[in-house]
Amino acid sequence: MTALIDTAARLIALADIRTEEGRCATAILPSWAGRGDHMAEPQASVLRLFENGREIGPAHSLHSDIRGSGGGRYSHWEGMLFFSSSDGTPPASNGRFYQVLTTPPSPSAALQSMILSTSTMAELTDVQQHTILSSAASLIAPGFILPDHGRQLEKDAEFHAAFRRFFPDHSNTMDRKYAVWQMAQLVDRLHGDMAEVGCYTGATSWFMADRIVRSGMPRSLHLFDSFAGLSQPGEKDGDYWQEGVLSAGEDLVRRNLAEFPFVHLHAGWVPDRFPDVDDRRFVLVHIDVDLYQPTKDSTAFFYERLVPGGLMICDDYGFRSCPGATAAFDEVLADKPEPIVNLSTGGAFIIKRPS
Ligand SMILES: C[S@@+](CC[C@H](N)C(=O)[O-])C[C@H]1O[C@@H](n2cnc3c(N)ncnc32)[C@H](O)[C@@H]1O
């Protein structure tokens, strides 16, 4: 058998192997594993099968032959692999490992075939549209996970009306803004202020302020920002960010939040203006400065002033673009009793425990 390997090929370890009938076992393949044989094209698959690292076959075998004779015969039929071991032992329990080598279809070919088989997206149900988009996403970027479809976020008209004021077109940060807006309800009955460190144009601040109004609790929202963009990234920040990006003027933020008289802006580099709120206590703190040093200063300062049950959210936690902010949050909280809880939206938070 040929030993040539296509450079676009991927090796997949088979999991969840089940005995089908006779010597035949089955395993389900991921959708990007390439095209399987099917009625119209019984030899469409280019997949190759390995047992303990040694190639076995032949491919495109009849299923009756795989069941009866085994001997390494296999068939990649649509999304499923039907296969046998080289010596007749059951692949589901013989202790060997099985891998397939396959070349995923190129995104353009796969997308073309989807488009050809679909007259218009509008004719499809929303579930079908989501299925096509998920497949397209995983073909273009294997491993990319599209969020599930039909979430409350999608149909929350109040949220979208407010969100569009800040982002008329689109923003990848929508999920996180929604999470903060929802989580803010958890502190409705606690006494203390709220703060955001790194407010940019004030979008997340708006959602925090909205919760203050809805809760009817008298509290202030303190916003800390340079209003001159990011400070200089340090060694731990990687090379994604540059000094001065994400700069929004103080006047713009004032205008965007004009309806909320309890909002106070503290312009300056973190932590220069923190003494302004030295004696305040906080029920919700949103830290979003992207970099190591200001995240470290903010986490340390506000942790000490967070009331029991209060929430501290680090918007940047865990993102590849923010290794410094992630490290800072980890470092400050390392000797604290609160677990850092990752959010599926990205970011993480803690709930302050009573001391
Ligand atoms: C990602 S933006 C914040 C986005 C905002 N939280 C939102 O949800 O729309 C980061 C903000 O942090 C501010 N910032 C970054 N480094 C800072 C520092 N060292 N001191 C003060 N502000 C800083 C920037 O000016 C920018 O407004």
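Let me start with a term: a residue counts as near the ligand if its C-beta atom, placed from the backbone, lies within 6 Å of it. Keep that in mind. One caution before we go on: this is a predicted model.

So, the ligand. By that cut-off, 21 residues surround the ligand. Which are the closest? They are Gly198, Tyr200, Thr204, Ser231 and Asp288. What is the make-up of the shell around the ligand? It divides into 11 nonpolar, 6 polar and 4 charged residues.

Now step back to the whole chain. The protein chain has 10 helices and 15 strands. Its C-alpha trace spans about 80 × 50 × 40 Å along the principal axes. What about the radius of gyration? A compact globule of 355 residues would come in near 20 Å. The protein chain has 27 Å. As for burial, 33% of the 355 residues count as buried. Then the contacts. Take those in the protein chain with a separation of 6 or more. Of these, 65% are between residues 24 or more positions apart.

Next, strand 9. Strand 9 covers residues 193–197, and 5 of its 5 residues are buried. Look at the two faces in turn. On one side sit Asp193, Ala195 and Val197, buried. On the other side sit Met194 and Glu196, also buried.

What does strand 9 pair with? One partner is strand 12, residues 282–287. The two run parallel, joined by 5 bridges. Within strand 12, Leu284 stands opposite Met194. Another partner is strand 10, residues 221–225. That pairing is parallel too, over 4 bridges. Here Ala195 stands opposite His222 of strand 10.

There is a helix to add. Helix 7, residues 203–215, joins strand 9 and strand 10 in a β-α-β unit. Is that unit right-handed or left-handed? It is right-handed.

Last stop: Cys322. Find it in the loop between strand 13, residues 306–314, and helix 10, residues 323–333. Why does Cys322 count as buried? Because 27 other C-beta atoms lie within 10 Å of Cys322, and the cut-off for buried is 20 or more. Which residues does Cys322 contact, leaving aside neighbours within four places in sequence? Asp290 and Asp316. Now compare Cys322 with Phe50. They are 272 residues apart in sequence. In space, C-alpha to C-alpha, Cys322 and Phe50 are 40 Å apart.

To recap: we saw the ligand shell of 21 residues, strand 9 with both faces covered, and Cys322, buried in its loop.

Methods: Residues are numbered from 1 along each chain as its sequence is written. This is a predicted model: local features need pLDDT of at least 70, side-chain atom pairs count only at pLDDT 80 or more; totals for chains, interfaces and linings use all residues. The radius of gyration is taken over C-alpha atoms; the globule rule is 2.2 Å times the number of residues to the power 0.38. A residue is buried if 20 or more other C-beta atoms lie within 10 Å of its own, exposed if 12 or fewer, and partly exposed in between; C-beta atoms are placed from the backbone. Two residues are in contact if their C-beta atoms, placed from the backbone, lie within 7 Å. Ala, Val, Leu, Ile, Met, Phe, Trp, Tyr, Cys and Pro count as nonpolar, Asp, Glu, Lys and Arg as charged, and the others, Gly among them, as polar. Two strands pair if DSSP finds at least two bridges between them. A crossover is right-handed if, with the strands pointing away from the viewer, the path from the first strand over the helix to the second runs clockwise.
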